[in-house]
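Please work through the exercises below with the sequence and the structure open beside you. Each exercise sets a task and is followed by a solution in steps.

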Amino acid sequence: MECSKLLGVLAFICFLIPIMSSSSERQFTAWSKLRVNLTRRSEGESNSAERLRSAVDRSKRRMNTIEAFVEQQIAGPLDTETPIRVGSGEFLMSVAVGTPSVSFEAIVDTGSDLIWTQCMPCQSCYTQPTPIFDPSQSSSYSTVSCTDSLCDALGAFQTGCTSDCTFDYMYGDGSETSGDLAYESFSIGSGSGSMVQGIAFGCGHDNQGRGFSQGGGLVGLGRGPLSLISQLGSKVDNKFSYCLLPITDSSSQTSPLFFGEGSSLSGANTIPLIKNSVNPSFWYIPVTGITLNGNPVNIPAGTFDLQSDGSGGMIIDSGTTITYLNEVAYSPLREAIQSSIDVTPVEDSSGDLCYQKSDNMALPSLAFNFHGGANYNLPPENFFIPQYGDLLCLAMGASRGLSIFGNVQQQNFHILYDNAQNTLSFKPTKCDSL
C-alpha cells in the first residue's frame, strides 16, 4: 500500500515537471512513460516482525528529526544566558554539540567568526579537559557542501573542495585549526530553548596554538556570516552582551553572557559601530582620542580613523588580553602616563612600563573618547595589571596600524553588541553581581 502511494507521488511529480518547464510534447511523452521499480531492503532482518520493528525505529528517529526541524523553523526568539569564566588571558563559555550532545568549554572571541571544536579522528590534537567530539557518533552531524554560501564565507581560509568544504583557519598569534566545515546541533545556556540546530562549525582534525588547551575550541562572535551571533540572527534579535570579570579573579568564578532580550542594557552609553567592507568580521569602534586626568593626550587627529583601503581603525576584541594602540597614539600616551606618576618606573626586559606596587602610589584616570561625546572611563585596574609578583605594568602595547581594545579594558563593564542597530553599549558594572 505504501509503495503504491509513493509510486503515485512519483508519477505526479513526473507529470508536473515537463509542464512547469514548458517542455515539448515529445519530452512530455518521455517523462510520462517513466517507470520506477522499488525494492524493499532490510539487511540482517530474518522475518517480517523484525523488519517492521526496524522500520518503526527508523520512522521514529526520522519523525524526531523532522519534528525538531519544523520546531526550529517556527520557534520564537531565543532568550538565554550562559556563564563565562576567566581563562589564561581569555574567557571561556560552556557549549554542547551533537546528538547525543558532548559538552566542552570554548574561548569567547569577538575578533573572529568561526565556531570550532576538536574532532575525531585527530591528525594533530592538543590535550583538552573534556572528551573530543566524535562526529561519527552524532545523528545530527552533516558536512557542508562546496556550493553552500557558508563555504564561500570562509574566503581565503577555504582549503579546497571535492564534495565537502574544508578549511584552514589561522589567527593573528599563529594558532590555527583545520578540518571540515559541517552542520550540527548546538546547545548554549541553560533551560529550554537553548538547543539550536543547523549551526555551521569547524570540525577541527588538526589544531595547534598556545592557549587552546584550556578548552575544546572557540566560539566566534564576530560580524561575519559564520559567527554564532550571525547564524542565530533574528532568533536572538541580532544582539548579545557580556560582563567580563577581572583576569586576576579565580577561574571558578563566573559572569554572564546574554543572548537576545536578556542582553538589554539600560542607562548605558551607546556609540555607533563602523563597518569595514575589507574586514567585515571586526567590530570597529569610533575612537576620537584619549584623555588622561581629564586632559587630552597629544595624539594626532584621525589616528584611530578607519582608512579607505580598510586599514587602521580600532576594534573591540574579547579574545585579545591587553589593548594595542597605533604607535602614533601609544608613544605619547605612555609618555603622558609616565609623567603623571611620581614614581620611577622599574627597568623591565620586555620594555613594558612597570612600577613597584606601593600603597601611596597615585595612578591617573584614563578615558577613551568616542564620536558623539561618549567617554569610556577606565579605573586604574583596567589599564595597570599585576605581573611578576609586586610589579604593576601598563596593560597596553604598540601596534603598526590596527588598534585593538582588549579584554582587560573591558573587565567590570557590561557591554552590548547590537548587530541590527549597528551600535555598541557599555556601562560600568560589578560583573560578579549580575
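The exercises go from the whole chain to its largest pocket, then to two sheets, and lastly to single residues with particular backbone geometry.

**Exercise 1. The chain as a whole**

Task: State how many helices and strands the protein has, and what percentage of its residues count as buried.

Solution: Begin by noting that the coordinates come from a predicted model. The secondary structure comprises six helices and 26 strands. Turning to accessibility, 44% of the 434 residues count as buried. As for contacts, among those with a sequence separation of 6 or more, 67% are made by residues 24 or more positions apart.

**Exercise 2. The largest pocket**

Task: Describe the largest pocket by its space, by the residues that lie nearest its centre and by the classes of residue in its lining.

Solution: Take the volume as the starting point, which comes to about 1,200 Å³ for the largest pocket. Next, consider the lining of this pocket, which is made up of 39 residues, with Asp109, Gly111, Tyr171, Gly172 and Asp173 lying nearest the centre. Strands β3 (102-109) and β7 (165-170) each contribute at least two residues to that lining. Finally, sorting the lining by class gives 20 nonpolar, 13 polar and six charged residues.

**Exercise 3. A sheet of four strands and a helix across it**

Task: Give the strand order of the open sheet of four strands, and work out whether Leu292 is buried or exposed.

Solution: The four strands follow the order β15-β14-β19-β20, and their pairing is antiparallel. At the edges stand β15 (295-296) and β20 (375-378), each of which pairs on one side only. Strand β14 (residues 287-292) is joined to β15 by two bridges, and the two run antiparallel.

Now add the helix: α6 (residues 327-340) lies across both β14 and β19 (366-370), and runs at about 15° to β14.

Leu292 belongs to β14 and stands opposite Asn295 in β15. Because its relative accessible area is 7%, which is under the 20% cut-off, Leu292 counts as buried. Leaving aside residues up to four places away in sequence, Leu292 touches Val297, Ala336, Ile337, Ser340, Pro364, Ser365 and Leu366. For one of these, Ile337, the C-alpha atom is 7.5 Å from that of Leu292, although the two residues are 45 apart in sequence.

**Exercise 4. A sheet of three strands**

Task: Explain why β18 and β21 stand at the edges of their sheet, and name the bridge partner of Ile385 in β22.

Solution: This open sheet has the order β18-β22-β21, with antiparallel pairing. Since β18 (354-356) and β21 (384-387) each have a single partner strand, one side of each is left without a neighbour in the sheet, and they therefore stand at its edges. From one strand to the next, the twist averages 30°. The antiparallel pairing of β21 with β22 (residues 391-394) extends over four bridges, and within β22 the bridge partner of Ile385 is Cys393.

**Exercise 5. Cis peptide bonds and positive phi**

Task: Locate the cis peptide bonds that precede Pro100 and Pro121, and then state how accessible Asp237 and Asn238 are.

Solution: As background, most residues other than glycine have a negative phi, and most peptide bonds are trans. The bond from Thr99 to Pro100 is cis, with omega near 0°, and Pro100 lies in the loop between β2 (91-97) and β3. The bond from Met120 to Pro121 is likewise cis, with omega near -5°, and Pro121 is in the loop between β4 and β5.

That loop, between β4 (116-118) and β5 (142-143), also holds Pro131. Because its relative accessible area is 62%, which is over the 50% cut-off, Pro131 counts as exposed. From C-alpha to C-alpha, Pro131 and Met120 are 9.9 Å apart, with their positions 11 residues apart in sequence as the separation.

For the phi angles, Asp237 has a positive value of about 55° although it is not a glycine, and Asn238, also a residue other than glycine, has a positive phi near 55°. Asp237 lies in the loop between α5 (228-232) and β11 (239-243), and Asn238 is found in the loop between α5 and β11 as well. With a relative accessibility of 28%, Asp237 counts as partly exposed, and Asn238, at 23%, also counts as partly exposed.

Note on methods
Residues numbered from 1 in each chain as written. Predicted model: local features only at pLDDT ≥ 70, side-chain atom pairs only at ≥ 80, totals over all residues. Heavy atoms only, no water. 1 Å grid on protein atoms, 1.4 Å probe; cavity = no way out; pocket = protein on both sides within 12 Å on 5 of 7 lines; lining within 4 Å. Points joined across faces, edges and corners; volume = space filled by probe spheres on them. Nonpolar A, V, L, I, M, F, W, Y, C, P; charged D, E, K, R; others polar. Buried < 20%, exposed > 50% of the residue type's maximum accessible area, 1.4 Å probe, protein only. Pairing = 2+ DSSP bridges. Contact = heavy atoms within 4.5 Å. Axes fitted to C-alpha atoms, helices over the stretch in contact; angles between N-to-C directions.
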